[in-house]
Amino acid sequence: MPPKDAKILVTGAGGFIGGHLVAKLRSLGYSNIRAVDIKPLTYWYQRSDEVDNRVLDLNRHDACFDAVDGAHTVYNLAANMGGMGFIENNKALCMLSVLINTHLLEAAKHHRLPGRFFYSSSACVYNGAKQTCTDVTALKEEDAYPADAEDGYGWEKLFSERMCRHFREDFGVVTRVARFHNVYGPHGTYAGGREKAPAAICRKVIDAQMTGKPLIEIWGDGEQTRSFMYITDCIDGMFDITNSDIEYPINLGSSELVSINQLVDIVESIASVRLDRRYNLDAPKGVRGRNSDNTLIRKELNWEPSVKLRDGMEKTYRWIWDEMHKAGKESVVNLT
Ligand code: NAD
Ligand code: GDD
């Protein structure tokens, strides 16, 4: 890890993972954190007044140069993204995030960044043909090629991974890249259109209880499979990968594969309810099955994400429950 007084830049700090990263860095004693996001400060999911918080549009070249100035280490978590409902309908916006990573890399080169540059890639880089069945073979790092990434978002991530590689090889920026598999936990998006399945299912189950309508809408037939990584595993893995010698993009994800129906079972059991299920086959579905092969991360770091889905979902559900009840959000939660 960098020295405790090193300036650490976290981009996307107003978002889910960036907010947790800043909180963790503070708890570890880092005293010189610069946190950047495009959102007004009042919309940041977590915020500390002890931090150099800046509202900047990192699509802009000049904003990236300002943000990186004086930094020792960069964690780039800024991207215009969301769950399937967002990325399927906003491909151009997703691809425009290429500007963020490109300008940040240029700034790192210009300012001769002394520490590491971390880039948050995604399991969406993997070849679609390897994700066509529910009992999918877990994805190994080499399965990203030949390339057939998720349209829009996945291609941006794959291109940006390569940009990191070339800035490392040609310009000496010490880049590290993790491919996150669906991350969930408290302080994330649970409504509004960008939410992913774990938070969406929690919201819908809570909504059913608040409205007294024992019905849940599930996108697709519910048999599609995923693995979900709890946020604390994501943060721990990010630190380890950033500080490691691993120069190529590596999986950072849970290997606990579940169907969406099983995810709903878990949330129903946490909530002690049973709901009627209505399947919306026209909703965004993404790949049929996706799991993380953790052979490489186990070999390299002697570690892999280990928080059980049930345990992480308990915490996530409780947080969303509190948020929805605090805000009395019956109207917001009627989203499907
Ligand atoms: P998030 O949407 O909660 O956070 C991203 C933040 O980036 C947002 O707060 C957003 O306002 C900010 N941002 C967007 N455009 C910006 C700009 N032009 N300038 C400055 N800030 C900007 O998402 P997250 O879940 O915290 O994801 C963080 C990173 O991890 C992203 O790069 C994402 O693609 C990647 N990732 C996340 C997951 C996941 O399941 N959460 C999976 C794979 C990859
Ligand atoms: N979002 C959402 N909301 N998904 C639902 C819902 C719902 O109410 N009901 C069922 N699903 C299904 C989706 O149709 C999809 O098949 C599956 O749950 C998972 O959806 P998401 O969590 O939205 O996304 P994803 O796993 O396909 O992709 C996510 O993870 C990638 C990394 O693994 C996205 O967030 C990507 O941006 C991310 O890179």
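These are my notebook entries on a predicted model of a protein chain with two ligands.

**Entry 1: the chain overall**

I began with the whole chain, whose secondary structure comes to 11 helices and 13 strands. I then looked up its extent and found that the C-alpha atoms fill a box of roughly 55 × 45 × 35 Å along the principal axes. The radius of gyration is 19 Å, which agrees with the value near 20 Å for a compact globule of 336 residues. I also noted that buried residues make up 47% of the 336 residues. For contacts between residues at least 6 apart in sequence, I found that 78% join residues at least 24 apart.

**Entry 2: the two domains**

Next I turned to the domain assignment, which gives domain 1 as 8-183 + 229-252 and domain 2 as 185-227 + 256-290 + 308-334. The C-alpha centres of domain 1 and domain 2 lie 25 Å apart. Looking at how they meet, I found 24 residues of domain 1 in contact with 24 residues of domain 2. On the domain 1 side of this contact, H1 and helix H3 (84-87) each supply at least two residues. I sorted that side of domain 1 by class and recorded 10 nonpolar, 12 polar and two charged residues.

**Entry 3: the UniProt record**

I checked the record as well: in an unreviewed entry, UniProt lists residues 2-43 for "domain: Rhodanese". In the model, the chain over residues 2-43 is 29% helix and 21% strand, with its end C-alpha atoms 29 Å apart.

**Entry 4: ligand 1**

I then listed what surrounds ligand 1 and obtained 25 residues, of which the closest are Gly-12, Gly-15, Ile-17, Leu-58 and Ala-79. The elements giving two or more residues to this shell are helix H1 (16-27) and strand S5 (116-122), and the largest share, three residues, comes from H1. By class, I recorded 11 nonpolar, 10 polar and four charged residues in the shell around ligand 1.

**Entry 5: ligand 2**

For ligand 2 I found 26 surrounding residues, with Gly-83, Ser-122, Lys-196, Ala-200 and Gly-286 coming nearest. The elements that give this shell two or more residues are H3, H7 and strand S8 (215-219), and H3 gives the most, with three residues. The shell around ligand 2 divides into 14 nonpolar, eight polar and four charged residues. I wanted to know where ligand 2 sits relative to the domains. Domain 1 and domain 2 both give residues to its shell, so ligand 2 lies between them.

**Entry 6: Glu-195**

I looked up Glu-195 and placed it in the loop between strand S7 (183-184) and helix H7 (197-211). Is Glu-195 buried or exposed? Glu-195 has 24 C-beta neighbours inside 10 Å, and because 20 or more such neighbours make a residue buried, I entered it as buried. Setting aside residues up to four places away in sequence, I found Glu-195 touching Gly-83, Thr-189, Tyr-190 and Ala-200. Two of these names, Gly-83 and Ala-200, I had already entered among the residues that come nearest to ligand 2. I also looked up the separation of Glu-195 from Ser-254, which is 59 residues along the chain and 19 Å between C-alpha atoms.

**Entry 7: Val-177**

Val-177 has its place in strand S6 (residues 174-180). Val-177 counts as buried, with 26 C-beta neighbours inside 10 Å. Leaving aside neighbours within four places in sequence, I found Val-177 in contact with Tyr-119, Ser-121, Glu-161, Cys-164 and Pro-249. I also noted Asn-251, which is 74 residues from Val-177 in sequence, while the two C-alpha atoms are 9.0 Å apart in space.

**Entry 8: His-72**

My last residue was His-72, found in the loop between helix H2 (61-68) and strand S4 (73-76). With 16 C-beta neighbours inside 10 Å, His-72 counts as partly exposed. Not counting residues up to four places away in sequence, His-72 touches Pro-2, Ala-6, Lys-7, Ile-8, Pro-114 and Gly-115. Finally I looked up His-72 against Gly-15: they are 57 residues apart in sequence, and their C-alpha atoms are 22 Å apart in space. Gly-15 is one of the residues I had listed as closest to ligand 1.

How values were computed: Residues numbered from 1 in each chain as written. Chains lettered and ligands numbered in written order. Predicted model: local features only at pLDDT ≥ 70, side-chain atom pairs only at ≥ 80, totals over all residues. Helix = DSSP H or I, 4+ residues; strand = E, 2+ residues; numbered from the N terminus. Buried ≥ 20, exposed ≤ 12 C-beta atoms within 10 Å, placed from the backbone. Contact = placed C-beta atoms within 7 Å. Near = placed C-beta within 6 Å. Nonpolar A, V, L, I, M, F, W, Y, C, P; charged D, E, K, R; others polar. UniProt positions renumbered as here; feature names shortened; annotations may be inferred. Domains from an automatic or database assignment. Rg over C-alpha atoms; globule rule 2.2 N^0.38 Å.
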